[in-house]
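The following exercises train the reading of a protein model. Please study the sequence and the structure before attempting each task.

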Amino acid sequence: MELLKLAALDTEDLTVISAHLQDAILRPEDLTYLAGEQRFLMVVRRFDWTPDVPPRRRLAGVHFERVLRVKTRDLAPGDAMPMSLLALTFEATDAPSGHIDMVFSGGGAVRLEVECIEVRMKDLGPVWEAVARPGHEIDVTTAPGPAA
């Protein structure tokens, strides 16, 4: 079993980590901010997008360094309802500073105000079969004419 280990120091690297974390499942209790260490941690059950293998999930840890402030939307600390991570994005405010946004299914979000991008993701070992591959419905309005 090969464990994935990734680091991000720029937006391109963060996009790669975001792709590997797409559809990761977690609960608000899996998120921790260590303000004194300027570190934000999360443990996720990420979907393993490796092609040509049965659907499976892996336990992974992610930590964000140089975090100055954390804001959340629609996340209740005691909520036991699992949520799915849709994407990680970065927007510069005063480069290299900016904010990393985590967008979750159901409208929840976390914004990390950071000095710069410094993120690490590492598989922690356990692997188990998933019931199915995650899918996303796209609302499509079909009309004649050029694509927008």
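A polar contact is a pair of N or O atoms within 3.5 Å; within protein, one must be able to donate a hydrogen and the other to accept it, and residues adjacent in sequence count only if both atoms are side-chain atoms. The model is predicted, so local features need pLDDT of at least 70 and side-chain atom pairs pLDDT 80 or more, while totals for chains, interfaces and linings use all residues. Residues are numbered from 1 along each chain as its sequence is written, and side-chain values use heavy atoms, with hydrogens and water left out.

**Exercise 1. The helix α1**

Task: Determine which residues of helix α1 are buried, and describe the two ends of the helix.

Solution.
Step 1. Helices (H or I, at least four residues) and strands (E, at least two) are DSSP runs, numbered from the N terminus. Helix α1 covers residues 11–21.
Step 2. Buried means under 20% relative accessible area, exposed over 50%, and partly exposed in between (1.4 Å probe, protein chains only). In α1, Leu-14, Ile-17, Ser-18 and Leu-21 are buried.
Step 3. Viewed down the axis of α1, these buried residues fall within an arc of 105° (taken from the directions from the helix axis to the C-beta atoms), so they line one face of the helix. An α-helix has 3.6 residues a turn, so residues three or four places apart point the same way.
Step 4. Exposed Glu-12 and Thr-15 are carried on the face of α1 turned away from its buried side.
Step 5. At the start of α1, a side-chain oxygen of Asp-10 comes to within 3.2 Å of the backbone nitrogen of Glu-12. Just after α1, Asp-23 has a positive phi of about 75°.

**Exercise 2. The nonpolar core**

Task: State which element gives the most to the largest nonpolar core.

Solution.
Step 1. A nonpolar core is a set of buried Ala, Val, Leu, Ile, Met, Phe, Trp, Tyr and Cys residues joined through side-chain atoms within 4.5 Å.
Step 2. The largest such core has 28 residues, and those that touch the most other members include Leu-21, Met-42 and Phe-64.
Step 3. Among the elements that give two or more residues to this core are α1, β4 (39–47) and β8 (97–104). The most comes from β7, with four residues.

**Exercise 3. The residue Asp-79**

Task: Locate Asp-79 and classify its accessibility.

Solution.
Step 1. Asp-79 lies in the loop between β6 and β7.
Step 2. Its relative accessibility is 33%, so Asp-79 counts as partly exposed.
Step 3. The C-alpha atoms of Asp-79 and Glu-29 are separated by 7.7 Å, although these residues are 50 residues apart along the chain.
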